[in-house]
Amino acid sequence: MLALPSRIMNYRISSASPTDELFTLGQILSEVGDYAGTILDREHLSLSRRCAARLGKVVSELITRKRIKSRDDLFEMSSPAVANADLSAMTISELHALYRQWPIRQRQRLTEGREHLTYYYEGRIVRELLRRKPSDRNERLKIDYCVSTYSNELDNLSSILSLPVGQDEDRIHPDATRHYSPEELTLLIRKHSDFRDILDRELLIEYTDLALDLLSANPTQPHPHLAAALTALREKDIIRIPVLEAISVV
């Protein structure tokens, strides 16, 4: 991300600024600035320096108010939310807190043997947030935080995997309220296994998770075609897939 909205870069940092807004602003400046600093071109380094300068003012003000003791306190995280939360029923603040739990979700995925280099769930949260109308500036900043950091994470995946991010406009995302049949999931996994960009890979991982959940919930019911599609992903090293016999109930 080569720019942040003017409402962030021109935010007036003073003793009159609401504490909650400063805290969210600090999170944005810290994470976006740190990411920009890892890319050694003029534009990204300039953004990193501007974020760092403004972040210093935010941290100083929050320390003065005894809201934090150091910059590290900006990364405090709430307890993990209940799995399979209804995103549409959550407030903007709840969605923001849920989004920030992505490191916990990635560690859990590693433990389960699932592909951990993914942000498809965070993408779900961002799409839900973009449907909302913020009621105040702090809610607007929380949406900005999720949108900007999600964009950076996709860019980072693009760099790691040497794939373009792709465009999201015409993609059909899985319906979280729908129960897909084994036959549908088999076809969808095979369709997306030949992905050409990051967002298509994200769709593959999301459908794969649905398939793993289905098999885990019905361990005595064989679905050989679906199991074969998942096994092929692991054997071809397309994405991480647990050994099917070792899948635990989700």
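**Entry 1: helix H10**

I began with the length of helix H10, residues 224–235 (helices are DSSP runs of H or I with at least four residues, numbered from the N terminus). Its twelve residues should span 16 Å at 1.5 Å a residue, and the end C-alpha atoms are 16 Å apart, which agrees. The expected span is 1.5 Å times one less than the number of residues.

A note on what I am looking at: this is a predicted model, where local features need pLDDT of at least 70 and side-chain atom pairs count only at pLDDT 80 or more, while totals for chains, interfaces and linings use all residues. Residues are numbered from 1 along each chain as its sequence is written, and side-chain values use heavy atoms, with hydrogens and water left out.

Next I asked which residues of H10 are buried. I found Leu226, Ala227, Ala229, Leu230, Thr231 and Leu233 (buried means under 20% relative accessible area, with a 1.4 Å probe and protein chains only). These buried residues pack against helix H8 (182–192) and helix H9 (198–217). After H10 I came to Asp237, whose phi is positive, near 55°.

**Entry 2: helix H3**

I checked helix H3 (residues 42–64) in the same spirit. It has 23 residues and reaches 33 Å from first to last C-alpha, close to the 33 Å expected. Its buried residues include Leu47, Cys51, Leu55, Val58 and Leu62. A handy reminder for me: an α-helix has 3.6 residues a turn, so residues three or four places apart point the same way. Helix H1 (6–9) and helix H2 (19–36) are among what covers the buried residues of H3.

**Entry 3: H2 beside H7**

How do H2 and helix H7 (residues 137–161) cross? Their axes, which are lines fitted to C-alpha atoms over the stretch in contact, with angles from 0 to 180 degrees between N-to-C directions, come within 9 Å and cross at roughly 15°. H2 and H7 are therefore roughly parallel (angles under 35 degrees count as such, and over 145 as roughly antiparallel). The residues of this contact (heavy atoms within 4.5 Å) divide into five nonpolar, seven polar and seven charged. Here Asp, Glu, Lys and Arg count as charged, Ala, Val, Leu, Ile, Met, Phe, Trp, Tyr, Cys and Pro as nonpolar, and the others, Gly among them, as polar.

**Entry 4: H4 beside H6**

Last, I looked at helix H4 (residues 92–99) and helix H6 (residues 120–130), whose axes come within 10 Å and cross at roughly 160°. That makes H4 roughly antiparallel to H6. Their contact has eight nonpolar, no polar and two charged residues. Ile92 and Leu95 are among the H4 residues that take part, and Ile125 and Leu129 are among those in H6.

How values were computed
Helices (H or I, at least four residues) and strands (E, at least two) are DSSP runs, numbered from the N terminus. Angles under 35 degrees count as roughly parallel, over 145 as roughly antiparallel, 65 to 115 as roughly perpendicular and the rest as oblique. Buried means under 20% relative accessible area, exposed over 50%, partly exposed in between (1.4 Å probe, protein chains only).
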